[in-house]
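I open this notebook to record what I look up in one structure, entry by entry. The entries start with a pair of helices and move outward from there.

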Amino acid sequence: MRTTVGWYAADAATLQRAIVPRRALRPDDIAVRVDYCGVCHTDLHAVRGYRGEPGSMLVPGHEFTGVVTEVGSDVAGFEIGDPVAVGNIVDSCGDCAMCRAGQENFCREFPTLTYGGTDRRDGAATLGAYSREYLVRDRFAYHLPDGLDPAGAAPLLCAGITVWEPLRALGVGPGTRVAVAGLGGLGHLAVKLAVALGAETAVVSRSRDKAADAHRLGAHAFLVSTDDAEMNTARDSFDVVIDTISVPHDLGPNLRLVALDGTLSQVGYLGPVTVQTSDLLIGRKKLGSAGSGGRPATTALLDFCARHSITADIEILPSARVNEALDRLERNDVRYRFVLDLSDLD
């Protein structure tokens, strides 16, 4: 057993600095000094929903970059000093049809999550990367390509892969028309990636406040979802709509933007939804979703981002200001992703 320093949920409102236990290094493990960790809405929901069960510990953080500090005896693909990135999946069964297809994110035995999960070998709860060190099975760590800023790259491992998965699965590329609903942590990366893939890309937002940002990110058009005339003009226009809105909302207006045989991919809100069948029927439209990505897709995303110089738009805060980051994220007061600098834990 080893320890590190990190931030854990003391209650449903605050994180406190504490000693965080880590397992002993396994033969197929690498130890990573965590330098930068993104702050995700999932972290916010986990902290706000935490009830402090006896014997439990919640350490959030599942999109991070850092440097390898130690390698297990069976590790061949990493060396001490390698820059690496780790996302929200740190293990899977490896044997089911999904894992064999390179979709470990859909593991039928459920993937092991970076925090709030259960270690497949010892049954311990996984503790996340709001900490200075993380131990991870080598198969679920990724080399950080040269040229990618490690702070800006950290959100690629959750927000980035979440929107990359449907963009690639739905064949987005030159000649494709894409709309991104919601311009936040997920949405701004969906815009960057869709544009880099060659798609004609629009942003759909509740007001014009983010129109300038949308165009700066590369969007070719901007639609105000509360403007009925604009939405009606754009009806049946997009081959793919990526819905990144993180709160419950009516899918009907976004479905009506989808073109004949097109798809609405809902990736922001993961709760129950209600859909009018006619919104699917008229135009043979499809409703889909996606979550995270498998190892091949994550590697492909990082390589693509390195080639196209894509990272998240971030605001870096020292990790001691983590509670401020969560409070501001709850108010949507960030453009577009908070990243914690964990060096203040030394």
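**Entry 1: two helices.** I looked first at how H4 and H10 lie, and they are roughly perpendicular to each other. The model is a predicted one. I noted a packing angle of about 105° for H4 and H10, with their axes 10 Å apart. An angle of 65 to 115 degrees counts as roughly perpendicular, so the value of about 105° gives that label to H4 and H10.

Which residues meet where H4 and H10 touch? From H4 I listed Gly160, Ile161, Trp164 and Glu165, and from H10 I listed Ala297, Thr298, Ala300, Leu301 and Phe304. Sorted by class, this contact of H4 with H10 has 6 nonpolar, 2 polar and 1 charged residues.

**Entry 2: the surroundings of H4.** I then asked how many residues of H4 are buried. H4 spans residues 159-169, and 9 of its 11 residues are buried, so I put the helix down as mostly covered. I wrote out the buried ones: Ala159, Gly160, Ile161, Thr162, Val163, Trp164, Glu165, Pro166 and Leu167.

Against what do the buried residues of H4 pack? I found helices H5 (187-196) and H10 (295-308) on the list. The strands on it are E10 (177-181), E13 (238-243), E14 (258-266) and E17 (337-341). Just after H4, I noted that Gly171 takes a positive phi of about 70°.

**Entry 3: Gly294.** I looked up Gly294 next and placed it in the loop between strand E15 (286-289) and H10. Is Gly294 buried or exposed? Its relative accessible area is 1%, and buried means under 20%, so Gly294 is buried.

I checked Gly294 against a residue of H4. Gly294 and Ile161 are 133 residues apart in sequence, and their C-alpha atoms are 9.0 Å apart in space. Setting aside neighbours within four places in sequence, I recorded contacts of Gly294 with Gly102, Gln103, Glu104, Asn105, Tyr142 and Glu165. Glu165 is also one of the H4 residues that meet H10.

**Entry 4: the cavity.** I searched for enclosed space and found 1 cavity of 30 Å³ or more. The largest cavity holds about 90 Å³ of space. It is lined by 14 residues, and closest to its centre are Ile89, Tyr142, Ser292, Gly293 and Thr298. Tyr142 is in contact with Gly294, and Thr298 is among the H10 residues that meet H4. I counted the cavity lining by class as 5 nonpolar, 7 polar and 2 charged residues.

**Entry 5: a pocket.** I went on to the second largest pocket, with a volume of about 340 Å³. Its lining has 21 residues, and those nearest its centre are Arg23, Asp119, Ala124, Ala125 and Thr126. Strands E2 (15-22), E6 (89-91) and E8 (133-137) each supply at least two residues of this lining. E8 gives the most, with 4 residues. By class I have 9 nonpolar, 2 polar and 10 charged residues for the pocket lining.

**Entry 6: Asn332.** Last, I looked at Asn332, which sits in the loop between helix H11 (322-330) and E17. Its relative accessibility is 56%, and exposed means over 50%, so Asn332 counts as exposed. I compared its position with that of Trp164: the two are 168 residues apart along the chain, and 23 Å separates their C-alpha atoms. Trp164 is one of the buried residues of H4.

How values were computed
Residues are numbered from 1 along each chain as its sequence is written. This is a predicted model: local features need pLDDT of at least 70, side-chain atom pairs count only at pLDDT 80 or more; totals for chains, interfaces and linings use all residues. Side-chain values use heavy atoms; hydrogens and water are left out. On a 1 Å grid over the protein atoms alone, a cavity is a set of points where a 1.4 Å probe fits but cannot get out, and a pocket is an open set with protein on both sides within 12 Å along at least five of seven lines; lining residues have an atom within 4 Å of a point. Grid points are joined across faces, edges and corners, and a volume is the space filled by probe spheres set on the points. Ala, Val, Leu, Ile, Met, Phe, Trp, Tyr, Cys and Pro count as nonpolar, Asp, Glu, Lys and Arg as charged, and the others, Gly among them, as polar. Buried means under 20% relative accessible area, exposed over 50%, partly exposed in between (1.4 Å probe, protein chains only). Contact means heavy atoms within 4.5 Å. Axes are lines fitted to C-alpha atoms, for helices over the stretch in contact, and angles run from 0 to 180 degrees between N-to-C directions. Angles under 35 degrees count as roughly parallel, over 145 as roughly antiparallel, 65 to 115 as roughly perpendicular and the rest as oblique.
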